[in-house]
Amino acid sequence: GQLADGADSLAKGLDSFTSSVPSYSSDQRKQLDTVVTNPVTVAASAEHQASVSTAITPVVLALALWLGTLMMFLTRGAVPTGSVWTQARAGRRVLLGCLPAVGVGLAQVAVLLVLVRVVGMPVSSPAGLVLFAVLGALAFAATNQVLVSLFGALGRLVSLAFTVVEAAALGGLVPIQTAPALIRLLNEVLPVPRFVEGASRLVLGGSSG
């Protein structure tokens with residue numbers, strides 16, 4: 001009797017389920033077949049195949065420029081000080097305070113890009129990479145100068161801590177697309193990750209913006 005009751009309940013359940021099964025037309029079935037068999041289409045191109053060297057070069061270049069410009073502010077103030085500078089305009093003092101860091105950054109750009117050339121690593125846009133690296137040196141020097149100007153002696157520690165945050169925001173341990181929301185946000189706004197992204201595209205080329 002229990003078996004008969006169970007079979008009857010199963011039959012009623014199946015009958016109820018069949019009424020809720022959707023019915024598709026021939027065109028709808030073809031569309032579903034296309035979607036299921038090819039759910040995602042990705043179009044991408046690159047002029048040079050990605051390798052360890054092409055992946056790590058933009059990171060090394062970015063961190064070298066950041067730390068190199070920061071080092072200039074570890075031993076000197078953000079702007080010239082002293083009685084001789086009391087009457088100087090603020091803009092001139094800021095510019096002269098930033099120039100040594102910019103000079104170090106540009107020297108690093110020359111050395112690192114020469115090394116890239118010597119080892120024969122293919123670069124899609126050499127001129128673009130040079131100009132972008134110069135822009136990076138200027139931006140990094142200005143950012144470190146601002147941090148030291150805002151926070152004084154503590155600004156040097158802030159810049160060093162900022163380096164750790166920027167390195168974490170590169171998303172090297174996991175793909176940035178699957179990283180936590182905070183890491184993705186930092187990756188979009190901090191200067192070092194943005195530099196790495198732009199330099200990578202200039203090295204690899206392809207159809208990216």
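A salt bridge is taken here as a side-chain nitrogen of Lys or Arg lying within 4 Å of a carboxyl oxygen of Asp or Glu. Arg201 and Glu197 form such a pair, with their closest N and O atoms 2.8 Å apart, in what is a predicted model. The protein chain contains eight helices and zero strands, and 26% of its 209 residues count as buried. The points below take up the fold, the salt bridges, a nonpolar surface patch, a pocket and two contacts between residues far apart in sequence.

**Overall architecture**

- Read from the N terminus, the elements of the protein chain follow the order α-α-α-α-α-α-α-α, in keeping with the count of eight helices and zero strands.

**Salt bridges**

- By the rule stated at the start, the count comes to two salt bridges, and side chains of opposite charge can pair when their charged atoms come close.
- One of them joins Arg201 to Glu197 at 2.8 Å between the closest N and O atoms, and both residues belong to helix H8 (residues 191–204), where they are four residues apart, about one turn of the helix.
- Arg201 has a relative accessible area of 36% and is therefore partly exposed, while Glu197, at 31% relative accessibility, also counts as partly exposed.
- The side chains of Asp8 and Lys12 meet in a salt bridge with an N to O distance of 3.4 Å, and these two residues lie in helix H1 (residues 2–20), four residues apart, about one turn of the helix.
- Asp8 counts as partly exposed because its relative accessibility is 40%, whereas Lys12, at 56%, counts as exposed, since the cut-off for exposed is over 50%.

**Nonpolar surface patch**

- Met71, Leu74, Val146, Leu150, Phe151, Leu154, Leu157 and Leu160 make a nonpolar surface patch of about 770 Å².
- At least two residues of this nonpolar patch come from each of helix H3 (52–74), H5 and helix H6 (154–169).
- Leu74, one of the patch residues, is found in helix H3 and is partly exposed, with a relative accessible area of 31%; this value passes the patch criterion, because patches are made of residues with over 30% relative accessible area and no salt bridge.

**Second largest pocket**

- The second largest pocket has a volume of about 200 Å³, and its lining consists of Leu113, Val116, Arg117, Gly120, Met121, Val123, Pro126, Leu129 and Val130.
- Helix H4 (90–118) and helix H5 (126–151) are the elements that give two or more residues to this lining.
- Sorted by class, the lining of the second largest pocket has seven nonpolar residues, one polar residue and one charged residue; Arg117 is in the lining, and Arg counts as charged, while Gly, represented by Gly120, counts as polar.

**Residues far apart in sequence**

- Val196 is found in helix H8 and counts as buried because its relative accessibility is 11%, which is under the 20% cut-off for buried residues.
- Val196 and Ala62 are separated by 134 residues in sequence, yet their C-alpha atoms are 6.3 Å apart in space.
- Arg76 lies in the loop between H3 and H4 and is partly exposed, with a relative accessible area of 34%.
- Arg76 and Ala153 are 77 residues apart in sequence, and the distance between their C-alpha atoms is 9.9 Å.

Technical notes. Residues are numbered from 1 along each chain as its sequence is written. This is a predicted model: local features need pLDDT of at least 70, side-chain atom pairs count only at pLDDT 80 or more; totals for chains, interfaces and linings use all residues. Side-chain values use heavy atoms; hydrogens and water are left out. On a 1 Å grid over the protein atoms alone, a cavity is a set of points where a 1.4 Å probe fits but cannot get out, and a pocket is an open set with protein on both sides within 12 Å along at least five of seven lines; lining residues have an atom within 4 Å of a point. Grid points are joined across faces, edges and corners, and a volume is the space filled by probe spheres set on the points. Patches are made of residues with over 30% relative accessible area and no salt bridge: like charges are joined within 9 Å, nonpolar side chains (Val, Leu, Ile, Met, Phe, Trp, Tyr) within 5 Å. Accessible areas come from the Shrake-Rupley method with a 1.4 Å probe; for residues, only the protein chains shown count as cover. Buried means under 20% relative accessible area, exposed over 50%, partly exposed in between (1.4 Å probe, protein chains only).
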